[in-house]
Amino acid sequence: MTSPEPAPDTPGCLDAGAHAALRAEFPLLSTCVYLNNNSTGAVPRGAEHVLTDYWETLRGWRDDVWQDWHVGLDRYADSIAALIGAPPGSVVTDANLSTLLARVASCFDYRAPRDRVVTTDLEYPTVPFIFTAFRRYGARLDVVSSGGPHFDEDALEARIDERTLLVCVPHASFSSGATIDLPRLVRRAHDVGALVVVDAFQTVGVVPLDVTALGVDVVLGGAHKWLCGVGTAFLYVRPDLAARLEPAATGWQAGDRALTFQPSAGWAPGARRFAGGTPYPLTSLVSQVGLDLLAGVGAAAIRRHSLACTSRVLQRAAAAGISVVSPVEPHRRGGVVCLDVADGEAVKRRLAARDMVCSWRGYLRIGPHVYNTLEEIDAFMDALEEELDR
Ligand SMILES: Cc1ncc(COP(=O)(O)O)c(C=O)c1O
């Protein structure tokens, strides 16, 4: 794709021709109004060739293919690294975020006085679940109440002190779409010697993130929402920190002699020390297609487009008197707008029956991506108003 520029009559949106070409890559978009990208993003049609090639490889199997597969796995990890401002070799992939987060958690001795994991009550449930399990190794989970659907950074900052080992927060809430003030929390955590672990599943691909500029320690995310991929997750660890961490939950691919099939005495270089067992290349190969399309558009243009779309949802909601849960200020908004509507789950189902696809997690979540149009937002909001008037 060429680099599309915003068209003058639609501030924040892509050039019409480039946008139409981008949409044509996603067959799902011709079947419905798809605003469910915060749950599962659309996968581009280029994935079909990857799947066919994969079958051809399996059909005529030779072990040598692993050489190409390792190149593909590394290429995908490095493409993620480029997207988040990380150096090559600082990202590793695995099946899901939970596996990688538990692996990171296994790097630490939870010894008093520095044994606390500060988190919020707006985490995706996997975060408290994992750190509750780590209580048996001494971890003390400190869940800071947000007092509502947006983060309370004052309360969080006040709880981060010399007893804090890790601050584990999302970049954006999965339930309200609110983003967190990461620079402020990184500053506070580092001032008291704590590390910051960020669950960026709800932002990477739609909200720009520069891990190097931010100085954040650990970032995790996954392919199947805003990255237009499927079945793979990623972990970034700040390179100088990675060199000091030793995961207890590990596997042979993390060893320095992994591909010689000899016992390893040390760790593989870079983020590979956070690998596990035999990797699963198919999902990285498939997910590369969507990632390349997004990289062709560029993070800044994606964000402009996303903000234009979510602003339209907000305008329409305000005009219709629908209660908005997400922040209205652009800098506090992720890629999703959450609306508080009566009988939301049933409304979501009725909309789906009309090929208007969004999700419901306590609130109606409307998550447009770079390939959606303002016309689709209007069609969706028209249908929503009709459903609410029934
Ligand atoms: C913020 C966030 N973290 C984590 C997950 C899930 O991670 P996993 O890959 O472990 O299923 C999700 C949603 O699926 C999410 O929205």
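**Entry 1: the ligand surroundings.** I looked up which residues surround the ligand in this predicted model. They are N96, L97, S98, Y124, T126, P170, F174, D199, F201, Q202, G222 and A233; a residue qualifies if its C-beta atom, placed from the backbone, lies within 6 Å of the ligand. I numbered residues from 1 along each chain as its sequence is written. By class, this shell has six nonpolar residues, five polar and one charged. Here Ala, Val, Leu, Ile, Met, Phe, Trp, Tyr, Cys and Pro count as nonpolar, Asp, Glu, Lys and Arg as charged, and the others, Gly among them, as polar.

**Entry 2: confidence.** Because the model is predicted, local features need pLDDT of at least 70 and side-chain atom pairs count only at pLDDT 80 or more, whereas totals for chains, interfaces and linings use all residues. The average pLDDT (the predictor's confidence in each residue, from 0 to 100) is 95, and 97% of the residues score at least 70. Over residues 1-11, pLDDT stays under 50. Where pLDDT is low, the predicted coordinates should not be read in detail.

**Entry 3: the domains.** I noted domain 1 (16-45 + 299-389) and domain 2 (63-294), with bounds from an automatic or database domain assignment. Their centres, taken over C-alpha atoms, are 28 Å apart. The contact (C-beta atoms, placed from the backbone, within 7 Å) takes 29 residues from domain 1 and 26 residues from domain 2. On the side of domain 1 that touches domain 2, helix 11 (299-320) and strand 10 (337-340) each supply at least two residues. Helices (H or I, at least four residues) and strands (E, at least two) are DSSP runs, numbered from the N terminus. Helix 11 gives the largest share of that side, five residues.

Technical notes
Contact = placed C-beta atoms within 7 Å.
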